[in-house]
Amino acid sequence: MDSSVISDANRRIIRISSHLLPPSNLQMGEEIDRCGLRREICRAKGAAPGSKVAILGAAGGIGQPLALLMKMNPLVSVLHLYDVVNTPGVTADISHMDTGAVVRGFLGQAQLEDALTGMDLVIIPAGVPRKPGMTRDDLFNINAGIVKTLCEAIAKCCPNAIVNLISNPVNSTVPIAAEVFKKAGTFDPKRLLGVTMLDVVRANTFVAEVLGLDPRDVDVPVVGGHAGVTILPLLSQVKPACSFTDKEIDYLTDRIQNGGTEVVEAKAGAGSATLSMAYAAVKFADACLRGLRGDAGIVECAFVASQVTELPFFASKVRLGRGGVEEIYPLGPLNEYERVGLDKAKKELATSIQKGVSFIRK
Ligand SMILES: NC(=O)C1=CN([C@@H]2O[C@H](COP(=O)(O)OP(=O)(O)OC[C@H]3O[C@@H](n4cnc5c(N)ncnc54)[C@H](O)[C@@H]3O)[C@@H](O)[C@H]2O)C=CC1
Ligand SMILES: O=C([O-])CC(=O)C(=O)O
């Protein structure tokens, strides 16, 4: 086991760079803080109110800024950072922030169960990102196995946690997670949410640009899924109420559906959206945490098990509450342009969902 990681579960605590405290100096059961002092010397802090949150893939391009932003979230009392690489450094760094959440790092498969035990919310940005020329589905072969392994551990260690799944292709990874949970007997459709918030964030931004408004005042429902034509912005339902020319509708639909590719191409091989995704993930996680706390009227779009269409999973507006997804809203009236888009979206989604399901059932 790597001893350079902060881990209460092993009663082994190192709060500085591991090179200052060689792992070989530590015995199981020893508790040492940054000055080499035993932990019992430090005065105990009462348990802070708030939720316990784990990020799986916390050392990655999304994971690091996501960890930073979750450490700043006052609804978080404990923040567990898990990855297969680099968590000691990320954890040491983030843990110096003078905000309330207690941060602990976990490195490698051997510490996955400790990372998950007791968590209320698990956010998963683990997995490989796209390079130019790839589709999200091209990530399936690697990311499907990663999501499977992580979800098996969630089913075992925190079966009641809310899961926010970011890893692509979301249209397939959410069905994979559902199948893993079903196999383990822990599936609760209210608690598994594919994160499509970045599509909404982009849609709000691009629509606000066209309308000459502040994006914070704009609300665009984006339904369907999270890849290409499955990303369906409902421009007829934008708030505040407005109208668009045909040219604006074509431009906005194309830009929203291909926002991810725009970033992948601009990064030219260095990955996909990370900073805007971390922002979107935190916006979504914060909504889930406010729901868990019992706040009323929290509505966001997410890719969930659904009966809104004939497909078993679909992204649409959902109301979040203490149990996770408490209500799934129908799509509302669609215009002809959106009905055509919906048919295209459903066709591709059906294939992607089936691919995820078959990966586990095979
Ligand atoms: N849902 C959405 O809207 C979006 C999804 N994504 C997806 O998020 C995923 C992550 O993207 P980035 O952070 O940019 O990639 P990245 O490569 O920078 O980071 C991924 C992290 O996952 C870790 N990882 C790999 N295998 C793991 C395992 N078995 N357990 C735990 N951690 C593991 C890696 O070590 C790495 O630190 C990609 O699949 C990407 O396509 C990206 C942007 C938006
Ligand atoms: O495009 C990608 O590969 C990453 C992603 O999902 C997004 O930015 O929407």
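**Close-up views of a two-domain chain and its ligands**

**View 1. Helix 4 and the shell around ligand 1.** Helix 4, spanning residues 140–157, contributes 4 residues to the shell around ligand 1, the most of any element. The model shown is predicted. In total, 33 residues surround the ligand. The closest are Gly 57, Gly 60, Gly 61, Ala 126 and Asn 168. By class, the shell of ligand 1 holds 18 nonpolar, 13 polar and 2 charged residues. Domain 1 (46–195) and domain 2 (196–361) both supply residues to this shell, so ligand 1 lies between them.

**View 2. The shell around ligand 2.** From domain 1 (46–195) and domain 2 (196–361), the shell around ligand 2 takes at least three residues each. Helix 8, residues 259–267, gives the largest share, with 5 residues. Among the residues around ligand 2 are Gly 259, Gly 260, Thr 261, Val 263 and Val 264. The list also includes Pro 129, Arg 130, Arg 136, Asn 168 and Leu 198. Ser 272 and Ala 273 are in the shell too. Sorted by class, the shell of ligand 2 has 5 nonpolar, 5 polar and 2 charged residues. Asn 168 is listed around ligand 2, and Asn 168 is also one of the closest residues to ligand 1.

**View 3. The contact between the two domains.** The domain assignment splits the protein chain into domain 1 (46–195) and domain 2 (196–361). Their centres, taken over C-alpha atoms, are 21 Å apart. Across the boundary, 44 residues of domain 1 are in contact with 44 residues of domain 2. On the domain 1 side, the elements that give two or more residues are helix 1 (63–71), strand 4 (121–124), helix 4, strand 5 (162–165), helix 5 (170–184) and strand 6 (192–194). Helix 5 provides the largest share of that side, 11 residues. The domain 1 side comprises 26 nonpolar, 8 polar and 10 charged residues.

**View 4. Helix 6 packed with helix 7.** Helix 6 (residues 197–211) and helix 7 (residues 246–257) pack at an angle of about 150°, and their axes are 9 Å apart. An angle over 145 degrees counts as roughly antiparallel, and the two helices are therefore roughly antiparallel to each other. The crossing of helix 6 and helix 7 is right-handed. Helix 6 makes the contact through Asp 199, Arg 202, Ala 203, Phe 206, Val 207 and Val 210. Helix 7 meets these with Glu 248, Leu 252, Arg 255 and Ile 256. The contact of helix 6 with helix 7 counts 6 nonpolar and 4 charged residues, with no polar ones.

**View 5. Two cis peptide bonds.** Most peptide bonds are trans. Asn 168 and Pro 169, however, are joined by a cis bond, with omega about -5°. Pro 169 sits in the loop between strand 5 and helix 5. A cis bond also joins Lys 239 and Pro 240, with omega about 0°. Pro 240 belongs to the loop between strand 8 (231–233) and helix 7.

**View 6. Backbone at Asn 86.** Most residues other than glycine have a negative phi. Asn 86 is not a glycine, yet its phi is positive, about 65°. Asn 86 lies in the loop between strand 2 (76–83) and helix 2 (87–95).

How values were computed: Residues numbered from 1 in each chain as written. Chains lettered and ligands numbered in written order. Predicted model: local features only at pLDDT ≥ 70, side-chain atom pairs only at ≥ 80, totals over all residues. Near = placed C-beta within 6 Å. Nonpolar A, V, L, I, M, F, W, Y, C, P; charged D, E, K, R; others polar. Domains from an automatic or database assignment. Axes fitted to C-alpha atoms, helices over the stretch in contact; angles between N-to-C directions. Parallel < 35°, antiparallel > 145°, perpendicular 65-115°, else oblique. Left-handed = near helix turned anticlockwise from the far one by under 90°. Contact = placed C-beta atoms within 7 Å.
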